[in-house]
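Trainee: I am new to this structure and would like a close look at one part of it. Could you take me through how the chains meet, and then through some of the details inside them?

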Amino acid sequence: MGATLRSVNYLSVFQRLTQLLLLLPIAAGLLGAFFPAFGYFPEIGGNQLNIDVFRELLKQPALPHSVRLTIFSGITATLISLCFALALAAMFSQVEYSSQSKLKFNRLFLMMRRGLIPLIAVPHAAMALGLVFLIAPSGWLIRWVSFSLMGWDTPPELISVQDPLGLSLIFGLVLKETPYLLLMILAALPQIRAAEYLRIGQSLGYGAFRSWLKLILPQVYPLIRLPVFAVLAFSLSVVDVSLILGPTTPPTLSVLILRWLDNPDLSMRFFASAGAILLLGITLGSLLFWRIAEWFVLNKFRKWLTNGKRGSDNEAATAVFVSGFFLITTAFLSLLALAFWSLSLRWPYPHVLPQTWTFRNWERHWNSLQETAMTTLEVGILTVVLALILVVACLENEQWRRARFSIRSEWLLYLPLLIPQATFLLGVQILAVRFELDGTFLLLVWSHLLFVLPYVFLTLADPWRKLDRRYPIIAQCLGASPLQILFRVKLPLLLKPLLVAAAIGFAVSVAQYLPTIFAGGGRFSTLTTEAVSYAAGADRRVIGVYGFLQALFPWLALLLALSVPRWLYRNRADLS
Amino acid sequence: MLKLENISLIINSKALFTALNIEVHAGQVTTVMGPSGSGKSSLLAHLCGTLAPVFQTSGKISLHDRVINNLPPEARKIGILFQDDLLFPHLSVGENLAFALPAIIKHRERKNIIEQALQEIELSGMSERDPAGLSGGQRARVALMRTLLAEPQALLLDEPFSKLDLELRGRFRELVFSHAEKNNLPVLLVTHDPADAKAAGGPIITL
Amino acid sequence: MKLSSVLHTSFKKYNLAKLSQILILQLIILYLIPFSAFATSWQEIKKQGKGQTVYWNAWGGSEEINAYINWVGSRVKEEYGVTLKHVKLASTADAVSRVLAEKAAGRTNNGSVDLIWINGENFAKMKENGLLFGPFTKQLPNFKLVDFAGKPTTLLDFHIAVDGYEAPWGMAKFNFVYNSARVTATPDSIPQLLKWAKSNSGRFSYPHVSDFLGSTFLMQALMELADNPQDLGEAVKSDAHFSKVSAPLWSFLEQLHPYLWRKGKSFPASSSVQKQMLNDSELDIALSFNPSATSAAIANGTLPESARTFVLKKGTIGNTHFVAIPFNSGSSQAAMLVADFLMSPEAQMKKQNPKIWGDSTVLSVAKLSAADQQKFKNLPLGVATLQPEKLGPTLPNPHPDWKNRLDAEWERRYGQ
């Protein structure tokens, strides 16, 4: 064992390297935001550190309302997504695990699951734009009603998007975050032997749904806490979805920051930085609040867990089914609407279908599409490969050297997901310029790695740690070296989680907008940067083209990740 | 009485065993034996109602003259003990038992019953303990008590003794059987340990 | 105590780094002067620019404009061997940010932005903060074709002297777009617009003032309503002065807002969104900054065939948009070649064609060759574009100070 240990000593380097790669830019970025926030930015005339900027910031008329809106929409969206994801996971697992349960809609639930998972591949912006067209007063739904029943010649005065409370913003976020959390829950279930506990619960007389809530939920929640936190931090700081679906007077804080950054008056950049620090504070505060609320809920419901009430499950099944159906239909209609737009020349109100169909939008962008698609692929694949190498090395290090990441250093890996992007990317840019790295492919990949690596780690860590320790031990006794064990035992056994992690990492890379802009220095255009710049022009037809492709790539990756192991291991029942 | 009539399980259009007809009387233990893969565990899953959907099934299951084929698992009133104790790790020992207790039993009475049950399995005063801190034998006893507190009308045993060491095994077996007899439960035991079958003392069916 | 001392040390380090950079910068400037400041002949610039790559940072939200820029790229490749890359921005401020970050980091050469589509306040701020290269326009052969007399905004961008730091590219003029299938009589003054809004509740709005067009609407209305519009040509003198001059605008908006889309409680997020809303029939009247863009949008399918334009009889605000070169561009010669090409009759003519883009020329057509004059005359006008004589007088933009003050006051009153 001692010799083996020495032979894997080099692994610890990878752990250090990974931490450095993630923490360096964040530290630099935070400093880069802190200085201007406290008034220091000599290039635009700030030479002293003080808190005047914050004093001025707090006097901004839009600020209090905007902060309230940000917190409300962020927390509500996370809460609703989590509830939906848990309820759907409960239904899916009982459909899967018990044939004789007299649950309604069994078959439909299975179809629903097949439909929901690919939605994680769809970029937020594309989904939001499709949703706007679906539910706007002049949108698709109203057009159907108007066309068939009402005969309105102008759209009704409804406030269905960009409402002052941010409800449509919340809806848009829920549509995207529910599938993500659902996937995370479903991936965590086997680790806690959910199927067996469900059986016990049922044999003790509890309905499957209730068994899930009382037995599985308390066990699975700690495993998905991080994804939930990531969703919360994301919802609080999201820019694109807010721009598209959020209110304008005032907007969420993230949009306010963007407005200040976009303001030609350079002194507004002090506000932007101070706002970014405020957003960081709000995010950390909300995470803390969420943690306390968790504890409170747990205590409150502790008694409920063991009160012995059994009750019926059918209403729950119906409710979950209806809401799941509602989510999935909305998502698919939104995407369908985008697809139709990409094939239309002219589609005015109140036409239910485009007035003129055309392939022009696709033809026009075909050439530039090829180039941007290549860049997107290159960055995505390279980033994912790097992330996989680093993550696997860290996990191997942890197993061979028993050097389990301490809880604290593991949380450091997730910092990029918990700190609002706008807060540190400007500082990263300055640092990059200083080291002559801006606009290089290297920096672009590095900046994507910041966000890809945590997701890959998040997806891969648990399956890796849960792999039966006896496999590597047996292999070792058979004379295999650690590297041989990795390639001939572990990687094949963990092929599926490995590929799923890669697909998720790829989807994350494809969706990056701000990092691509800040690190790429305008030298690289990806499907997402193109889509966002076209979104500024609000031309749904072009947005349709780019949004569709933006969704297609990660979706194909996910499909591949799920079907390759199935095909490779088609004769291995335990692995397929 | 637990009654199985013409029960067969089919997977990939192959029957796992020839159609079964078994009658298990109250207070009696019937043992099902057979090599690995003969379908013992699948049979129990079928009785519980938790069989994987890939199986096709036929035949009739009735418990005290009540046909339960089409009932969901939670309505069947069949308790089961597995090889693993499967205590709920997020609940304390006492809470594990409380989970099984019917809701109609309230507050103070709940507490009393749980304390009594713990006493019965020689674990009194350990209600607040984390199940992870118990020994294998203690955990097995809690699992048994949890199953019984749900007031089942039949008990299925899926090799529940096989993971215990020899000495514990005999004592736990005795405990299970005596409780089953006391509660007048029909018991179906699946095992491949002849000693279990012998101790059960009832009819033996080989798959 | 500890934290502040830590901050203080890093602060000092920062300054040291800064100092050394300034030193290096001085050296570089000394070294470069013989090559840049005196190598001014156009032939020399052409020679140096050949083979360079120009990263042109320009708003990328419009298919028509992007296609035009793409064409420019192929032409400058042919003509000068310059590679043009369009960096499509969602907002011009992204590019300003980048140049600023580069300056903050001491990057004085080989900056990532070589050419930037710009005007007004962005220009004023970049010029003020020394972020621009130049003056360079005098060296561009086509610069003398610009119509300085007829289009004074080519020299005075938002009252800020251009001083050769940006090359004029196109002309903009505030106008209204309406759906002629639903609006029969169009208003021709700000009070008339209010009257129209009152009898067509919910069918008009203007973009949020964070959008350029939204804040121009405020200035447009104030130009017409102010007792002394000349006041707006200079910086704001005092708070009292501002309140007094702007008072008529706020009383107009107080009356107007209840009749706007969503009763003025919410505003379209941008001018692009507003255009989309006109296409969706959510609005009947919207705003535009390009009198021919509506024709181009109809041809492209983004506005209904019944879309038309109108202006106000007392005139509307007009200005010029430009291209500028950041101070640290490593391809400034090639960027100058591109800027010059953009002002060529060939490029200006193509740009003005409403089937391509419909952006008015900055050139004085009278200065062109007879053949080119004829070609300009032969350009189609576009189905929704007003004849030049019907476009009404062009008003100068108010001083940028007013824009800032108006935006801030609007935010205070309606932004929450």
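Mentor: Let us start with the contacts between chains and then move inside each chain in turn. Please keep in mind that this is a predicted model.

Which chains share the most contacts? Of the 2 pairs of chains that touch, chains A and C have the most contacts. On one side of that contact are 56 residues from chain C, and on the other are 52 residues from chain A. Several elements of chain C give two or more residues to the side that touches chain A: the helices α1 (2-36), α4 (92-104), α5 (120-128), α9 (271-279) and α14 (400-414), together with the strands β1 (53-59) and β2 (83-89). Of these, α4(C) gives the most, with 9 residues. If you colour this side of chain C by class, you will find 17 nonpolar, 23 polar and 16 charged residues.

Now turn to the other contact of chain A. Here 27 residues of chain B meet 25 residues of chain A. On the side of chain B that touches chain A, the elements giving two or more residues are β7 (78-81) and α2 (93-100) of chain B. The helix α2(B) gives the most to this side, with 4 residues. By class, this side of chain B has 20 nonpolar, 4 polar and 3 charged residues. Chains B and C, on the other hand, do not touch, and their nearest C-alpha atoms are 42 Å apart.

With the contacts between chains in place, let us look inside chain A, where two pairs of helices are worth a visit. A pair like this has a simple description: two packed helices are described by the angle between their axes and the distance between the axes.

Take helix α22 (residues 495-511) and helix α25 (residues 540-568) of chain A. Their axes are 8 Å apart, and the helices pack at an angle of about 175 degrees. An angle over 145 degrees counts as roughly antiparallel, so α22(A) and α25(A) are roughly antiparallel to each other. On the α22(A) side, the residues that meet α25(A) include A:L495, A:L499, A:F506 and A:V510. Among their partners in α25(A) are A:F553, A:L558, A:A561 and A:V564. The contact of α22(A) with α25(A) has 15 nonpolar, 1 polar and 1 charged residues.

The second pair is helix α6 (residues 124-135) and helix α24 (residues 527-536) of chain A. Their axes come within 10 Å and cross at roughly 30 degrees. Angles under 35 degrees count as roughly parallel, so that is how α6(A) and α24(A) lie to each other. The crossing of α6(A) past α24(A) is left-handed. From α6(A) come A:A125, A:A126 and A:L129, and they meet A:A531, A:V532 and A:A535 in α24(A). The residues of this contact are 6 nonpolar, no polar and no charged.

Next, let us see how chain C is divided. Domain 1 takes in residues 42-171 + 320-381, and domain 2 takes in 175-288 + 392-414. The C-alpha centres of these two domains of chain C lie 29 Å apart. Where they touch, 7 residues of domain 1 are in contact with 7 residues of domain 2. The domain 1 side of this contact divides into 2 nonpolar, 4 polar and 1 charged.

Finally, some backbone details are worth finding on the model. As background, most residues other than glycine have a negative phi, and most peptide bonds are trans.

The peptide bond from A:Y349 to A:P350 is cis, with omega near 0 degrees. You can find A:P350 in the loop between β3 (344-346) and β4 (356-357) of chain A. In chain C, a cis peptide bond joins C:G134 and C:P135, with omega about 0 degrees. The loop that holds C:P135 runs between α5 and β4 (156-157) of chain C.

Chain B has residues with a positive phi. For B:N6, in strand β1 (residues 2-11) of chain B, phi is near 55 degrees. B:N6 counts as exposed because it has 10 C-beta neighbours inside 10 Å. For B:D65, phi is near 65 degrees, and this residue sits in the loop between β5 (56-63) and β6 (66-67) of chain B. B:D65 is exposed too, with 7 other C-beta atoms within 10 Å.

Note on methods
Residues are numbered from 1 along each chain as its sequence is written. Chains are lettered from A and ligands numbered from 1 in the order in which they are written. This is a predicted model: local features need pLDDT of at least 70, side-chain atom pairs count only at pLDDT 80 or more; totals for chains, interfaces and linings use all residues. Ala, Val, Leu, Ile, Met, Phe, Trp, Tyr, Cys and Pro count as nonpolar, Asp, Glu, Lys and Arg as charged, and the others, Gly among them, as polar. Axes are lines fitted to C-alpha atoms, for helices over the stretch in contact, and angles run from 0 to 180 degrees between N-to-C directions. Angles under 35 degrees count as roughly parallel, over 145 as roughly antiparallel, 65 to 115 as roughly perpendicular and the rest as oblique. A crossing is left-handed if the near helix is turned anticlockwise from the far one by less than a right angle, and right-handed if clockwise. A residue is buried if 20 or more other C-beta atoms lie within 10 Å of its own, exposed if 12 or fewer, and partly exposed in between; C-beta atoms are placed from the backbone. Domain bounds come from an automatic or database domain assignment.
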